[in-house]
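Work through the exercises below with the sequence and the model side by side. Each task is followed by a solution in steps.

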Amino acid sequence: MILDLQNIYKDYQQDKLVVPVLKDICLQVEEGEYVAIMGPSGSGKTTLMNIIGCLDRPTSGSYQLAGEDVLKCKDKDMSDLRLRSIGFVFQSFQLLSRQTAMDNVALPLSYAGVKKKERKQRATQALERVGLGDRVNFRPTQLSGGQKQRVAIARAMVNNPKILLADEPTGALDSKSGEQIMELFQTLNEEGVTIVMITHDRKIASKAKRIVHIIDGIITEEGNKEEADE
Amino acid sequence: MLENIRLSFQGLWSHKMRSFLTMLGIIIGIAAIIAIVSTIKGTNEQIKENLIGSGDNTVNVQLYQGDSSYGMDYMGVPDGVPVISEETRKQMLDIVHVEGASLYTSREVYNVIYYQNVGLSGGKIYGIDMNYLNTCNYIIKKGRGFCDSDYKKFRKVALLDENSTEMLFQGEDPIGKTIEIQQEPYVVVGVITKSAKFEPVINNMEEYYTYYAEASNGAVYVPDTTWPLLYGYDEPQSLVLRLDSVDNMTVAGREASNLLNVGLSVTDDTIKYKADDLLKQAEDIQKLSQSTNTMLIWIAGISLLVGGIGVMNIMLVSVTERTQEIGLKKAIGARKGKILGQFLTEAAVLTSLGGLIGVIVGIALAEIISKVTGTLVSISVPAAILAVVFSMIIGIIFGLLPSYKAANLNPIDALRHE
């Protein structure tokens, strides 16, 4: 099992008021799965993603990522977990605009201490994998939205993470590029990459093999693709 | 690290104007310091040269009574001062940095040297050994020097320096002419001059007396073997040493006087051989000029402080501007240390670059000061290196707070920052 979240609670302190955001979340994801976490805004899905992505800690509960107890990790180890086990794809791409596609993709490799020559080689491979082999030295400003998101996916994949964590990956794209990104996810999943995607869009969620609904901080239903299509 | 530096330059280049303005404080501070230090160093070297004479690395060791040189003219030879033997002279050559050693006797003279009716009103007469001219870097301008037989046969021959030549002969050719010293006839065989011209820059009347009083009086040299003809025997001798460099004068002079003092058996223990320590005198004067300039350095230091605060300010702006970038980097796995390092490097690169430009501007400024005021400036390489290193340290110190702030940003909030 790649992801194992048990009885996760998350409260936020707002002035003197305690606002519960996640309530008793249990979620397991097996290797090679393609899961969509779906919910309207304010449902707590982003908070859940932050916890899965080791960016945030729950108030209580337990979380194991590939057998490792995340909540016992120190800050430094959390950084390393994010570096090696999780590939992030954001709605707004989050590319460094002054650097080339290659440098953007190579960034996590430099944090992992990979030598410069190998970095270049692996970054090129990752860009080829997402179909941008001919855009290696382009800067984000010279790329279309869809291409930017591909660069971001290449960056997420370059360290061979255990899961690919995507937060509204098509939210900033037109429907055609959005579809292409979804096709890319499909291909990656078929190649064995575990994907967890967060979205509020039913159509996008329906591309996943499994859909988890979250409303008001509670996982209300788990369904497979067929159920979602109904 | 190299990667960080490259990225820092990239970042600074993309905000050229801002980077330059931020560096300006550092540039002005460092430039001021370099200009001041160069001027101080130039002035000091000038003082040293003025006092000691450029290229003349000689130091005299004379018999002193208390703080003043022993007055032979009035008191006669003190008991217990032995003749300095040839062995002792050779011992001097073994002292490190000593290249030559000669013995001489000398007296201030008033109206004892005449050519026909013209007298030398003031000056000095030297009884010198064979090596003296060589030791003191004299060259023969006219005629010849003393030869072996002059010494052995007690020939009454004399050498004049340019001043005494001018005063006694007033344009006449002195070679072969007979002059009178202590009523003894001496034949002038040559005119000598210092190989390195001693040309002090005179800044005030006091310096005028220091440099020219002696220089404008004439000097007359005779073989030391004929000295007893003039002044009797048992004259206490003085020693002159030539050193490899001016900087070793103090140490070698002290060592030589210690060696000579071993042979003394005088009752008055204030009578001692002492080296004339021009280097120390020079340093004393230098200290005086330095203390006023230290003030200026402090003022320039304030400019650096202000510059440093400017750097901190702009780094804080930069951190805020790049919140998203920091958030992303943290999200994809950059440890705190990496972010801290990145921003510290950027601050250090910014200020080091400012320091470097400041050094260049400072050198230019020093050259301008030199051209305008006519004072000597000397660029100090260690000071320049220190200035750049110091700027780097300023960058690191004032970059610490912004970098720390960046490293501790919460990636979730940072990513959401617009």
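How many cavities of 30 Å³ or more does the structure hold? The model is a predicted one, in which local features need pLDDT of at least 70 and side-chain atom pairs count only at pLDDT 80 or more, while totals for chains, interfaces and linings use all residues. Residues are numbered from 1 along each chain as its sequence is written, chains are lettered from A and ligands numbered from 1 in the order in which they are written, and side-chain values use heavy atoms, with hydrogens and water left out.

**Exercise 1. Describe the cavities.**

Step 1. A cavity is a set of points, on a 1 Å grid over the protein atoms alone, where a 1.4 Å probe fits but cannot get out, and the structure holds 2 cavities of 30 Å³ or more.

Step 2. The largest cavity has about 140 Å³ of space, where a volume is the space filled by probe spheres set on the points, which are joined across faces, edges and corners.

Step 3. The largest cavity is lined by 14 residues, and B:L12, B:H15, B:R18, B:S318 and B:E346 are the closest to its centre; lining residues have an atom within 4 Å of a point.

Step 4. Two or more lining residues come from each of α1 (2-14), α2 (16-52), α11 (278-321) and α13 (336-373) of chain B, where helices (H or I, at least four residues) and strands (E, at least two) are DSSP runs numbered from the N terminus.

**Exercise 2. Trace the salt bridges around B:E346.**

Step 1. A salt bridge needs a side-chain nitrogen of Lys or Arg within 4 Å of a carboxyl oxygen of Asp or Glu, and by this rule there are 20 over all chains.

Step 2. One of these joins B:R322 to B:E346, with the closest N and O atoms 2.9 Å apart. Because B:R322 lies in the loop between α11 and α12 (323-331) of chain B and B:E346 in helix α13 of chain B, the pair ties together parts that are 24 residues apart in sequence.

Step 3. Both B:R322 and B:E346 are buried, a word that stands for under 20% relative accessible area, with exposed over 50% and partly exposed in between (1.4 Å probe, protein chains only).

Step 4. A network of salt bridges links B:R322, B:E325, B:K329 and B:E346.

**Exercise 3. Set two salt bridges of chain A beside a charged residue that has none.**

Step 1. A:D56 and A:K10 meet in a salt bridge at 3.3 Å, N to O; A:D56 is in the loop between α1 (45-52) and β4 (60-65) of chain A, and A:K10 is in strand β1 (residues 3-14), 46 residues apart. Both A:D56 and A:K10 are buried.

Step 2. A:K72 and A:D69 also form a salt bridge, at 3.7 Å, but here A:K72 is exposed with a relative accessible area of 71%, and A:D69 is partly exposed at 25%.

Step 3. A:D167, in strand β7 (residues 163-167) of chain A, is buried without a salt bridge, and the nearest side chain of opposite charge, A:K45, is 6.6 Å away; Lys and Arg count as positive and Asp and Glu as negative, whereas His and the chain ends are not counted.

Step 4. Beyond its neighbours within four places in sequence, A:D167 is in contact (heavy atoms within 4.5 Å) with A:M49, A:V89, A:F90, A:Q91 and A:I198.

Notes. 1 Å grid on protein atoms, 1.4 Å probe; cavity = no way out; pocket = protein on both sides within 12 Å on 5 of 7 lines; lining within 4 Å.
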